[in-house]
Amino acid sequence: MESLIHTINKLQEVFAVIGDHKINLPQIVVVGSQSSGKSSVLESLVGKSFLPRGTGIVTRAPLILQIVRYNKEDRESMLEITKNDKIKEWAWFLHKPNTVFQNFDDVRLEIENRTNYLAGHNNGITHEPIVLKVYTLLYDLTFVDLPGITKLPVGDQPEDIDERIQELILKYVKQPNSIILAVVTANTDPSTSESLKIARNIDPEGTRTVAVVTKLDLIDKGTIQDTIELLCGYKIPIKLGIIGVVNRSQKDIFDNKSMKETLKSEKEFLKANYPEIYKKHGNQMLANTLQNILLMHIKKTYPILRKELYDTKDRLENQLKTLKTPDQKVSFVLGLLNDVCKSYCDTVAGNRKDLSESTLVGGAKISQIIHNEYVEKLDKIDPLLDLTDEKIGNILLNSAGTNKSSFVNEKALEIMVGKQLQNLIEPAMICVDLVGAEMLRIFESIDQSILDTLKRFPKLNTDVKMVLNQMIDYTLQSIKEFIRSYIETYQACLNTTNPDFILELVKSSDVIQDAFISTHVTNKKGLTNDEFTRAEEERTKQLFKQILSGLNDLDKTMESSKQVKMHKNLTRCYFEFVRKNVRDFVPKRIIFKMVNHVLNSIDHYMHKLVFTPYVVNRSIDQVLVEEEHIVDDRHRVERLLVAVNKALKNMADIQVH
């Protein structure tokens with residue numbers, strides 16, 4: 001089953017070359033505060049001293065450490081490069097594929113140099129990983145070593161160094177396939193341990209966390225019982241295990257004490273101080289436990305990872321289709337324009353298969369604008385807005401001149417109605433503008449793959465948008481002129497005998513309604529249909545005369561003037577009569593002359609104003625010039641697709657049971 005770990009190692013190498021990706025690999029992520037003993041734990045597991053040491057942040061880049069129990073093939077590959085059959089353990093960096101490191105002091109130096117190259121010399125950190133393989137005869141394990149947690153910047157460290165480190169750590173531990181190796185010192189209260197805090201926040205059930213307790217040899221003898229309770233899991237809920245270790249001290253490092261001697265001393269210390277549990281602890285037990293956990297975790301996540309890779313492959317292949325360089329350029333442009341037109345029309349008409357579930361788009365959004373931004377606001381307009389009784393009285397008197405009318409003053413009524421109907425124009429103009437703007441926005445809602453393809457070619461994208469904008473702008477202006485003219489017609493030409501207006505007038509008063517009903521109750525006996533119709537029209541005219549007749553009472557106060565009240569009511573009723581017509585007319589005009597016009601004509605105009613000039617001017621090549629970042633994106637997707645295919649090939653060689 002170690003081949004599973006080898007496969008994951010290969011996947012790490014593949015994706016480390018690509019950089020940022022969304023593939024969630026099973027791996028052990030090492031988290032701990034500065035000086036918690038992270039480096040010592042890793043060196044004990046490797047059996048070599050190879051990590052940089054010092055004060056402050058020593059680890060400033062993620063170190064993907066792959067411990068490989070090498071086979072005959074691995075050794076032969078090493079011998080081809082070194083020609084040295086005396087080498088028993090060696091190291092290899094992904095960024096130096098043709099170099100074998102047999103001296104582990106050189107490994108330390110290379111880590112430092114590579115870190116400075118990636119993160120700079122100012123104690124900053126980087127997300128770009130360093131991949132290191134150490135070939136030994138021990139076991140197979142993979143770690144991601146991260147910068148030690150710190151709270152305050154020291155020296156020339158960035159002010160936000162703590163936030164940067166937290167961000168980097170969370171990037172790895174949040175991945176559900178990661179195992180968290182939380183390093184905590186024995187002389188620290190577990191409740192204040194930063195590594196355990198992170199583990200608890202990300203993995204509250206403790207199902208993918210292993211705790212390593214370091215520096216057991218530095219605690220006071222009187223606190224051994226507390227440490228035993230910690231190691232037995234009584235204090236913190238960690239299901240994968242808590243293992244105590246004793247690593248090399250600074251004196252041991254200075255004296256160049258071997259790892260073999262260190263492991264022997266560790267075993268003797270644990271047996272003497274923790275006789276009942278010593279067999280469950282120590283670096284050797286840690287290595288065996290982690291290897292078993294990693295293997296089980298890989299077996300568990302392997303099918304999910306395989307599916308994730310296949311899904312990624314499908315996504316990348318579709319993305320690459322969008323980014324491909326066309327072979328037949330003329331037919332490519334023509335086909336793309338046809339796709340753009342069809343997707344735009346489908347989006348407006350609601351014919352898309354991938355209908356949005358989260359927001360309104362296309363024709364639905366246009367309907368919402370017409371209803372919410374026009375009809376509702378139109379209905380809220382006061383028919384007598386800014387038309388007081390005093391103003392009505394003055395209009396009646398001024399329009400009559402030296403004469404005083406005892407009937408309706410049609411000249412005054414025309415003035416008042418015209419003034420009030422002016423309030424219907426602005427909402428209609430606003431509605432036209434809003435629908436026009438939405439028609440432009442709808443373009444950004446067409447099929448995303450078509451839109452992405454179009455955006456690859458700046459000139460083509462600009463020309464398509466320009467033609468659509470011209471179509472909408474032209475229809476927008478003509479619609480505005482027509483609607484304005486339509487309303488102005490009602491302002492200039494009053495028809496006070498219109499049955500719809502009469503109906504509004506009748507509905508305005510209970511008294512008038514009663515009179516209207518009684519007047520229209522007639523006996524049809526002896527009359528033909530035409531005679532009855534003519535009689536009805538005559539009675540309607542007579543009724544209207546009665547309704548409009550009044551007294552010349554403008555010498556009274558405006559509040560009590562019957563003539564003012566009558567003209568006020570006439571203005572209101574005529575406004576309501578026109579408002580109903582406008583409410584019905586404006587949306588229909590917008591849909592017919594703007595929306596439907598664009599849908600019916602967009603294909604024609606795209607061919608006439610975009611495609612044909614390209615062909616006539618032989619400018620297809622210039623049109624298909626891509627932006628530089630598009631070329632980079634295509635190369636990135638191609639590299640990532642190669643990596644995914646290579647990863648799937650590696651996985652195909654392994655059968656998980």
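## Helix H2 and the turn after it

Just after helix H2, Gly47 adopts a positive phi of about 85°. This is a predicted model, so please read each feature here with that in mind. H2 itself covers residues 38–46, and nine of its nine residues are buried, so the helix is largely enclosed by the rest of the structure. The buried set includes charged-type names you might not expect on such a list, among them Lys38 and Glu43, alongside Val41, Leu42, Leu45 and Val46.

## Two loop residues with positive phi

Most residues other than glycine have a negative phi. Ser35 has a positive phi of about 65° although it is not a glycine. Ser35 sits in the loop that links strand S1 (27–32) to H2. Its relative accessibility is 65%, and because exposed means over 50%, Ser35 counts as exposed.

Lys83 is another non-glycine residue with a positive phi, here about 60°. Look for Lys83 in the loop between helix H3 (72–82) and strand S3 (90–93). At 67% relative accessibility, Lys83 counts as exposed.

## Buried charged residues in loops

What is the nearest side chain of opposite charge to Asp140? It is Arg69, 4.0 Å away, yet buried Asp140 has no salt bridge. There is a backbone link to look at, though: the backbone nitrogen of Arg69 lies 3.1 Å from a polar atom of the Asp140 side chain. Asp140 belongs to the loop between strand S5 (130–136) and strand S6 (141–145).

Arg208 is in the loop between helix H6 (194–202) and strand S8 (209–214). With 11% relative accessibility, Arg208 counts as buried, because the cut-off is under 20%. The C-alpha atoms of Arg208 and Ile238 are 8.2 Å apart, although 30 residues separate the two along the chain.

## Helix H12

Helix H12 runs through residues 363–379, and at 1.5 Å a residue its 17 residues should span 24 Å; the end C-alpha atoms are 22 Å apart, which agrees. A bend of about 25° occurs in H12 at His371. Several H12 residues are buried, including Ile366, Ile369, Ile370, Tyr374 and Leu378. An α-helix has 3.6 residues a turn, so residues three or four places apart point the same way.

## The largest nonpolar core

The largest nonpolar core contains 65 residues, and Tyr344, Val435 and Leu460 have the most contacts inside it. Elements that give two or more residues to this core include helix H11 (329–349), H12, helix H15 (425–442) and helix H17 (458–492). Helix H21 provides the largest share of the core, 17 residues.

Terms used:
Residues numbered from 1 in each chain as written. Predicted model: local features only at pLDDT ≥ 70, side-chain atom pairs only at ≥ 80, totals over all residues. Heavy atoms only, no water. Helix = DSSP H or I, 4+ residues; strand = E, 2+ residues; numbered from the N terminus. Expected span 1.5 Å × (residues − 1). Bend = angle between axes of the 7 residues up to and from the residue. Buried < 20%, exposed > 50% of the residue type's maximum accessible area, 1.4 Å probe, protein only. Lys, Arg positive; Asp, Glu negative; His and termini not counted. Polar contact = N/O pair within 3.5 Å; in protein donor to acceptor, adjacent residues only side chain to side chain. Core = buried A, V, L, I, M, F, W, Y, C linked by side-chain atoms within 4.5 Å.
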